[in-house]
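The dialogue below is a tutorial on reading local features of a protein model. A learner asks how each feature is to be read, and a teacher replies.

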Amino acid sequence: NIAATGTPAITAKLSNEHLELLREARSNVSIDNVIEPLMDLRDVLGQQHGLVASDRRWGKIIKFIQSNALLNGNTTEAQLDDFFPLADCLWDKPEDRAAIFSEIANMVSPDLGVAISIRDAAAELFSQLDLSDITHNDVGEMGRINEQLRQMDDQLRKLDQTSKIVQMTGEVASMQHTLAKAVAKAIGMPS
């Protein structure tokens, strides 16, 4: 019960036998096609971001990639997409997570890296707005910001529309829509 405890109640349980079956299945997931990109990621994180993980940690990360592949239905071979959860495993400080995720995204899909940068810029721009108190004097500035968001939305729509990019496009479009509604309300137009 989330309301009572602040944490979700976990009802799924795995027996020891099921865990052992999953461990055995995990060992059958090949990492041959992702080991070179994984080593590239290790080098980039160390050289460009100063993030160095121990060999022991990287050994665990390989098992984690295999497990993620298995849970995503890839029973024979890990894919680059299986790297995404690594952003939550490799950071030393929470602020490192975004850089790690960005490097993974660039590795998996250059368009995804671009999309993340655009979405993050839009979120930064949007977070600076106070939509609760727009006056007629603010309308011009809000219009310029809305145009910037529209241009970001257009840039996102020109990218390869993977599910993650479609999600980010929707986030930017929602920011633009929210801003437009707030401006319409401020100038007395029906929303």
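The turns that follow treat salt bridges, an aromatic pair, a buried charge, a surface patch and some distances.

Q: What kind of model is this?

A: This is a predicted model. Every value in the discussion is therefore computed from predicted coordinates.

Q: How many salt bridges does the structure hold?

A: Side chains of opposite charge can pair when their charged atoms come close. The structure holds ten salt bridges. One of them joins Arg42 and Asp55, whose closest N and O atoms are 2.5 Å apart. Arg42 belongs to helix H3 (residues 35-49) and Asp55 to helix H4 (residues 55-71), so this pair ties together parts that are 13 residues apart in sequence.

Q: Are Arg42 and Asp55 buried or exposed?

A: The classes rest on relative accessible area: under 20% is buried, over 50% is exposed, and the range in between is partly exposed. Arg42 has a relative accessible area of 24% and is therefore partly exposed. Asp55, with 58%, is exposed.

Q: Which parts of the chain does the salt bridge between Asp92 and Arg57 tie together?

A: The side chains of Asp92 and Arg57 meet in a salt bridge at 3.4 Å, N to O. Asp92 sits in the loop between H4 and H5, while Arg57 sits in helix H4, so the bridge links parts that are 35 residues apart in sequence. Asp92 counts as partly exposed, because its relative accessibility is 49%. Arg57 is also partly exposed, with a relative accessible area of 25%.

Q: Which residues do salt bridges that share partners join into one network?

A: A salt bridge may be read together with others that have a partner in common. Here Asp120 forms a salt bridge with Arg119, with the closest N and O atoms 3.0 Å apart. Salt bridges that share partners join Arg119, Asp120 and Glu171 into one network. Asp120 is partly exposed, with a relative accessible area of 36%, whereas Arg119 counts as buried at 19% relative accessibility.

Q: Where does Arg119 lie, and which residues is it in contact with?

A: Arg119 lies in helix H6 (residues 110-127). Leaving aside neighbours within four places in sequence, Arg119 is in contact with Met168, Glu171 and Val172. Glu171 thus appears both among these contacts and in the salt-bridge network.

Q: What does a search of the whole structure find in the way of aromatic pairs?

A: An aromatic pair is read from the distance between ring centres and the angle between ring planes. The search finds one aromatic pair. The ring centres of Phe84 and Phe101 are 5.4 Å apart and the planes stand at 35 degrees, so the pair is tilted. The label follows because planes under 30 degrees apart count as stacked, those over 60 as edge-to-face and the rest as tilted. Phe84 lies in the loop between H4 and H5 and Phe101 in helix H5, so the pair ties together parts that are 17 residues apart in sequence. Phe84 is buried, with a relative accessible area of 9%, and Phe101 is buried, with 17%.

Q: How far away from Glu103 is the nearest side chain of opposite charge?

A: For a buried charged residue, one may ask which residues surround it. Glu103, in helix H5 (residues 97-108), is buried yet has no salt bridge. The nearest side chain of opposite charge, Arg97, is 13 Å away. Not counting residues up to four places away in sequence, Glu103 touches Leu41, Val44, Leu45, Gln48 and His49.

Q: Which residues form a nonpolar patch on the surface?

A: Leu14, Leu19 and Leu22 form such a patch, with about 240 Å² of accessible area together. Leu14 is found in the loop between helix H1 (2-5) and helix H2 (16-27). Leu14 counts as exposed because its relative accessibility is 53%.

Q: How far apart in space are Arg144 and Leu22, and Arg150 and Val114?

A: Separation along the chain and separation in space are read side by side. Arg144 and Leu22 are 122 residues apart along the chain, and their C-alpha atoms are separated by 54 Å. Arg150 and Val114 are 36 residues apart in sequence and 16 Å apart in space, C-alpha to C-alpha. Arg144 is found in helix H7 and counts as exposed at 52% relative accessibility. Arg150 is placed in helix H7 (residues 139-157) and is partly exposed, with a relative accessible area of 31%.

Notes: Residues numbered from 1 in each chain as written. Predicted model: local features only at pLDDT ≥ 70, side-chain atom pairs only at ≥ 80, totals over all residues. Heavy atoms only, no water. Patch = residues over 30% accessible without salt bridge, like charges linked within 9 Å, V, L, I, M, F, W, Y side chains within 5 Å. Areas by Shrake-Rupley, 256 points an atom, 1.4 Å probe, with all protein chains shown as cover. Salt bridge = Lys/Arg side-chain N within 4 Å of Asp/Glu carboxyl O. Helix = DSSP H or I, 4+ residues; strand = E, 2+ residues; numbered from the N terminus. Buried < 20%, exposed > 50% of the residue type's maximum accessible area, 1.4 Å probe, protein only. Lys, Arg positive; Asp, Glu negative; His and termini not counted. Contact = heavy atoms within 4.5 Å. Phe/Tyr/Trp six-rings, centres within 6.5 Å; stacked < 30°, edge-to-face > 60°.
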